[in-house]
Amino acid sequence: MSAQRAAGSLTDCREMKEKNPWHTPVTISITVIGVIAIVALVTVAVLQNKPVPQKYKYGIVLDAGSSHTALYIYKWPAEKDNNTGRVEQEHSCKVKGKGISSYAETPWQAGESLTECMEDAVKQVPTKRHFETPLYLGATAGMRLLHMENSVASDKVFQAVEKSLQKFPFSYQGARMLSGQEEGAFGWVTVNYLDDRLKQGLETTGALDLGGASTQISFVPKNYIISESPSNSVTFRLYGNDYNLYTHSFLCYGKDQVLRLALAHQTKSGPGEIADPCFHPGYSESKNYSVLYDSPCVSDRKPQGAPVTFHHKGEGNFQQCQEVVKNVFNFTSCKYSRCSFNGVFQPPLHGQFGAFSAYYYVMDFLNLTDTSVPLTTVKDKLAKHCATPWNQIIQQHPEIHVKYLAEYCFSGAYILTLLTEGYNFTSESYSSIKFIKKIKGSDAGWTLGYMLNLTNMIPAEAPDSPPLPHAGYVSIVTVIALLIFTLFIIFLCRFRPSSSKQPQIV
Ligand SMILES: Nc1ncnc2c1ncn2[C@@H]1O[C@H](COP(=O)(O)OP(=O)(O)O)[C@@H](O)[C@H]1O
Ligand SMILES: [Ca+2]
């Protein structure tokens, strides 16, 4: 019916045109004015909404870890301010030398050590953005241990670092020690922010961080239960979603301190020589007792009357190494419904996990980042690596630092024991772990989460629907203009000003 009616209308229009041509001076003028008005409307509307060239804001975070310090520069679109633009890593710089906690006796050197990377940051951030770029330094387990050992020395290190950072043209926001809980929680925020899980309200990924002096585990357990252990619980409201995060940081369970724990276990009677199954056959080093026991993680275990040095010999036996590593964990007491180790509460594991920092370095070197490979195969491969003679290992990897090279067997055994015996990953759930270094170009670690939190860049509530992109805006304006134009033409056809006796089209 409607098709017939439309066909009829067109015929009528044609007939009318024959009787009364449309191109009278009045209709021509109206049409020209109409077309000019529509073109002007579209042009003005499109130009008004034209996107300005992208400008960025910047933020700098220094990760003062136990083994070394790294500087990260983040950037985000300036006009989108807090919540809509994505923050991403623009640049990173590895500070030469050791972590700031190693400068306890010469604190000024801790400040000095940061200069090179800071000068690099001055070049990386556009000059006109310097004064408004926030600069943060966060120190982790190395400084926690120094603070426990000698709080005066740790204060002096912070003062020296502060003095050095204030010399640069950025907006200095302070240097402080992160609690283990913050370190774990911000690592979790980083991983889930970079994966776009928070904004979209998707199921979150757990975060596993292995440092030199501490290690963190953070995840959202399956069922929301009031935690049996409030100190392990962190709640967040992000983009309108509530998260109840379980997190724990084990001080002294970073891979460097755990090696001290394992060596302390093997040297408790103060021998002159130990045959260590976690080091390669042929490995042989003379080590100093006082250096080994110079850490609050082991200082109270130093054997009485031990010689000055001991001879550290490698045996390369993975099975025995696992036994040595197990000794650093205490599985006996748990006052909660369930524990990981050392009497620490841990709810059942849930979801996918991202394992970064030393988890990645070690597993990447060992070619074991593929977690679809069965755990038994992973162990077999590691056993082969451990049994390889030390001179062969050095020959095969001349580019890798000898200290790292010597410790990959131990670290690999520790990682597998920590994950399975410590955190209770099974041969099935092991495949839910992904060993990662970066996510979409940004390093996985606590620094991004820390900055997002301090700059209030993740809103508690979901932002209003984002403004229409320029292309969408142009399309809508064009469609509306075409519609107006079509209606105008129809109007001209049907109600010509010159005709007084128009037939009514029904
Ligand atoms: N290429 C590498 N191979 C092996 N281990 C590495 C490599 N690069 C860094 N690491 C280790 O990663 C760990 C990083 O820990 P770090 O962040 O400094 O300490 P924490 O987080 O406990 O304060 C250290 O044990 C360091 O030796
Ligand atoms: Ca770290």
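## Around ligand 1

Helix 11 gives the largest share of the shell around ligand 1, with 3 residues. This is a predicted model. The shell counts 20 residues, and Gly 65, Ser 67, Thr 140, Gly 211 and Gly 212 come nearest to the ligand. Three elements give two or more residues each: helix 5 (141-149), helix 8 (255-266) and helix 11 (358-365).

What classes of residue make up the shell around ligand 1? There are 12 polar, 6 nonpolar and 2 charged residues. Domain 2 (55-177) and domain 3 (255-435) each supply at least three residues to this shell.

## The sheet

Strands of a sheet pair through backbone hydrogen bonds, in either a parallel or an antiparallel way. Here, 5 strands form an open sheet with mixed pairing. Their order is 3-2-1-4-5. Which strands lie at the edges? They are strand 3 (88-94) and strand 5 (171-177), and each pairs on one side only. From one strand to the next, the twist averages 15°.

Look at one pair in detail. Strand 1 (residues 56-64) runs antiparallel to strand 2 (residues 69-77), and 9 bridges link them. In this pairing, Tyr 58 stands opposite Lys 75 of strand 2.

## Helices on the sheet

Helix 4 (residues 115-124) packs on the sheet. It touches strand 1, strand 2 and strand 3. The direction of helix 4 makes about 150° with that of strand 3.

Helix 15 (residues 446-454) also packs on the sheet. Its contacts are with strand 1, strand 2, strand 4 (134-139) and strand 5. The direction of helix 15 makes about 125° with that of strand 1.

Note on methods. Residues are numbered from 1 along each chain as its sequence is written. Chains are lettered from A and ligands numbered from 1 in the order in which they are written. This is a predicted model: local features need pLDDT of at least 70, side-chain atom pairs count only at pLDDT 80 or more; totals for chains, interfaces and linings use all residues. Two strands pair if DSSP finds at least two bridges between them. Helices (H or I, at least four residues) and strands (E, at least two) are DSSP runs, numbered from the N terminus. Axes are lines fitted to C-alpha atoms, for helices over the stretch in contact, and angles run from 0 to 180 degrees between N-to-C directions. Two residues are in contact if their C-beta atoms, placed from the backbone, lie within 7 Å. A residue is near a molecule or strand if its C-beta atom, placed from the backbone, lies within 6 Å of it. Ala, Val, Leu, Ile, Met, Phe, Trp, Tyr, Cys and Pro count as nonpolar, Asp, Glu, Lys and Arg as charged, and the others, Gly among them, as polar. Domain bounds come from an automatic or database domain assignment.
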